[in-house]
Amino acid sequence: MTSNPNPSPDDNYFVDKADDAIARPLGNSFVGLVTQFIQWIYNKLINKKQTLSARETYKRKYYGLYGKIRLFGMSQEVNLEEIYTSVKFLDELTTQAKFGSLDALRKNYSEQGQRRFQTGECQPVQGFKVANDHQFLYVLGNPGAGKSTFLRRVGLEALKGDKGKYQHDCIPVMIELKKFNKVRVDLIAAITEELSNFNFPSQQKVITDFLNKGKLLLLFDGLDEVSKDKFNDVQDEITNLVTRYGDRGNRFILSCRIAAYKNPMSRFTNVELADFDDEQIKNFIINWFNSDPEDAQDCWKKLSQSEYKASKELAQTPLLLTFLCLAYGDSGDFPAQRSQLYYQALEILLYKWDREKKLKRDKIYKDWNPNLEITLLSEFAFDFFEDNQLFFKKQNILEYLEVFLSNTEGNSQYIDVNAVLDAIAVQQGIFVERATNIYSFSHLTLQEYLTAKHISQKDSRVEKLVSKYLIDRRWKEIFLLVAGEKNNADQILELMSEATHNLMNTQKLKNILQWVARITNPTDGDVKYIGKIGLAIANASTLESIITHANTVRNPGSNIVVTAITDMIPNVIANIISIAVTDTMPNANSYAQSYAYSNAYSNGKAYANSYAYIDSDSSNHLYAQRTIDYFLRYISWAQKWEIYREVNYSFLINELEILKHKIPAPQASKSRRKDFIERLWKTWFAAFHTTQKMMRLSEEEIEILDNYLYANLLIFECKNAAVRVSQKTWQKIESEILLST
């Protein structure tokens, strides 16, 4: 007795076929019944082994074809399951659900404050839960969001049976819909061909038997990749297949880029892939560097730093997170010039991703090319960013395209601007439709990079950037990217230095800088001179903040006063200290930054506690004791790092210890407590050769000082972001930073 050379994973299929084959010639005779019984035993005991073997063969070949990935010049393939990070879906489409106006979008984004576009009240749901709950699933997402990877992973889990995360007993069949760009649209034939490639029967009748018995999980990937002339045919074929076999128990998952989504499909539940959150980003990195946990930890730590928050925004998209991991893996770090990183990310979206997928798109028009598109996007990004527009109406984009192309192409009247917008949104995902006919760049980072690219191409634009936006925090990333785009950053740094000095436009502010120059120790040690100046200004800035805001921070007997003062501490100074520490100290930057912040924090809390002591109804001794303890902590740290040259440390410490033993008794009056604090202040001011009057600034002067400190830090950061700065230029700038000229 010969066995079926092409066994099916469905046991009943072969039992039925054997019954039919034997029953016909033997009829219902006793001999025939015995023979049928023997045949049935054979099928159960022997063919079952062949069936299991067929399942294993299918599983092995499916893994070989869909279980590994290789992207962007990776030296070898990696197992999908090793790096896969669970995705989440939004239960409603953001383009349909929550945002009906431009104002609503702007409000939502501004409230987040984390460079992350949120989706109103839509709560992300775990991907496999969604796949298990819905028989007909329409997966939508932006380019690189992980649609194809999700479909592959569902198929892999389905093959695991009871041990997998997919809870339905189906045979996964992956159909890449772009194949119909070259062949006739026939889904049954495509399913038959796919299964036959895995040693399944090649007859269409066998496949229809599978469909009739509800045994297939059909994974239709990339509806957006179907050419325009075939799009409706493919969509109709899927609809017909669902209508004919949907009630039999088969399951269907269809993927499409959200910008190509046109009409709802009957019976399908639409879900949108959510951007990766921090937990998913971290898990992806851990999975990616699974053989080197230290690299994974370092990569995540660096990406979590404030200076890389724009890079981390790209990591919300799995495709670009893959790119970031590859970039980090090449050198154990991210490029110092982040503009290089963002340009490569832009290239991926513009054309590399389609090339990687071997997808040939229809050309928008004959002379369209990436360089022209980058020029267009750069001008558009700049114009709208300068106008503080992160979201744009479709009509505004189309009008902009018409003007740009009319100034670029001789026959622009024959160019379909809607097709251009579709290409940028659907094919590349540079633009994303956030609400009906309202778009934004898919990542704010891309708009910032393109804005910086536009500015860096002309010196006059750089001059305008510095003169108009130096202290505008919204433009910080633009400054850093312009410094990284220029072959030589001398011009922008010199302009920034001059503009920063011009900020200090009152005599009192100049007096403070002159005092700082007199009192700081000019000798470099563990902290460079510039760092000591920064620490001295931190002292003055904290002091003037307390004096100026005394009435607003005083809150009798409460830790609120201590909490309030924390917000006044100039963190920018702590960062300047961090930059200024010499490289000879072990772990210099992190060590310096933590101590500089702790120092400013300690100084501020000393002043805060002194006010709390004066105003406390309970005359709490702890406030007075804490005031002196924080002053002692501050001066001990300043002495260790030799910050000041005109402070008698020993004398000041001795005076503070004496005062600590002269704190008035608990029953002392408020006026006596105030006299004690004023004596304490007088001792402190005298040690630092200044006065309370000198440190009292107006609200306007406090704002100027804050902007001045911010601009100085930005100069340092732009220098670090630059490709090249001449030594002569930087020495001059550094010698003048934080000093009155």
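Begin by selecting Lys660, which is partly exposed at a relative accessible area of 29% (buried means under 20% relative accessible area, exposed over 50%, and partly exposed in between, with a 1.4 Å probe and protein chains only). The model is a predicted one, in which local features need pLDDT of at least 70 and side-chain atom pairs count only at pLDDT 80 or more, while totals for chains, interfaces and linings use all residues. Residues are numbered from 1 along each chain as its sequence is written, and side-chain values use heavy atoms, with hydrogens and water left out.

**Stop 1: Lys660 and its partner**

Add Asp629 to the selection. Lys660 and Asp629 form a salt bridge, with the closest N and O atoms 2.6 Å apart (a salt bridge is a side-chain nitrogen of Lys or Arg within 4 Å of a carboxyl oxygen of Asp or Glu). Lys660 belongs to helix 29 (residues 649-660) and Asp629 to helix 28 (residues 621-640), so the salt bridge ties together parts that are 31 residues apart in sequence. Helices (H or I, at least four residues) and strands (E, at least two) are DSSP runs, numbered from the N terminus. Asp629 is partly exposed, with 34% relative accessibility.

Next, select Glu81, Arg153, Glu157 and Lys160, which are joined into one network by salt bridges that share partners.

**Stop 2: the loop after helix 29**

Select Lys662, which is found in the loop between helix 29 and helix 30 (670-687). Lys662 is partly exposed, at a relative accessible area of 45%. Which residues does Lys662 touch, not counting residues up to four places away in sequence? They are Phe676 and Arg679, where contact means heavy atoms within 4.5 Å. From C-alpha to C-alpha, Lys662 and Phe676 are 8.5 Å apart in space, and they are 14 residues apart in sequence.

**Stop 3: further salt bridges**

How many salt bridges does the structure hold? There are 22. For one of them, select Lys88 and Asp277, whose closest N and O atoms are 2.9 Å apart. Lys88 lies in strand 3 (residues 88-90), and Asp277 lies in the loop between strand 9 (269-273) and helix 10 (278-288), so this pair ties together parts that are 189 residues apart in sequence. Lys88 counts as buried at 15% relative accessibility, whereas Asp277 counts as partly exposed at 23%.

Then select Arg184 and Asp186. Their salt bridge has its closest N and O atoms 3.2 Å apart. Arg184 is exposed, with a relative accessible area of 64%, whereas Asp186 counts as buried at 19% relative accessibility.

**Stop 4: a sheet of three strands**

Select residues 392-393, 431-435 and 438-441, which are strand 10, strand 11 and strand 12. They make an open sheet of 3 strands in the order 10-12-11, with antiparallel pairing. Strand 10 and strand 11 stand at the edges with a single partner strand each, so one side of each has no neighbour in the sheet. Strands of a sheet pair through backbone hydrogen bonds, either parallel or antiparallel. Here, two strands pair if DSSP finds at least two bridges between them. Strand 10 and strand 12 run antiparallel and are joined by 2 bridges. Which residue in strand 12 stands opposite Phe392? It is Tyr439.

**Stop 5: aromatic rings**

Remain at the sheet and select Phe380, Phe384, Phe392, Tyr400, Phe431 and Phe441, which form one aromatic cluster. Rings of Phe, Tyr and Trp (its six-membered ring) pair if their centres lie within 6.5 Å; planes under 30 degrees apart count as stacked, over 60 as edge-to-face and the rest as tilted. The structure holds 33 aromatic pairs. Among them is the tilted pair of Tyr58 and Tyr62, at 6.1 Å centre to centre with 35 degrees between the planes. Tyr58 and Tyr62 are 4 residues apart in helix 2 (residues 30-66), which separates them by about one helical turn. Tyr58 is buried, with a relative accessible area of 2%, and Tyr62 is buried at 0%.

Return to Phe431 and Phe441, an edge-to-face pair at 5.0 Å centre to centre and 75 degrees between the planes. Phe431 lies in strand 11 and Phe441 in strand 12, so the pair ties together parts that are 10 residues apart in sequence. Phe431 counts as buried at 3% relative accessibility, and Phe441 counts as buried at 3%.

**Stop 6: charges over rings**

Finally, select Arg473 with Tyr710: the charged end of Arg473 sits over the ring of Tyr710, 4.0 Å from its centre. A charge sits over a ring if NZ of Lys or CZ of Arg is within 6 Å of the ring centre and within 35 degrees of the ring normal. Select Arg474 as well, which lies over the face of Phe385 at 4.3 Å from the ring centre.
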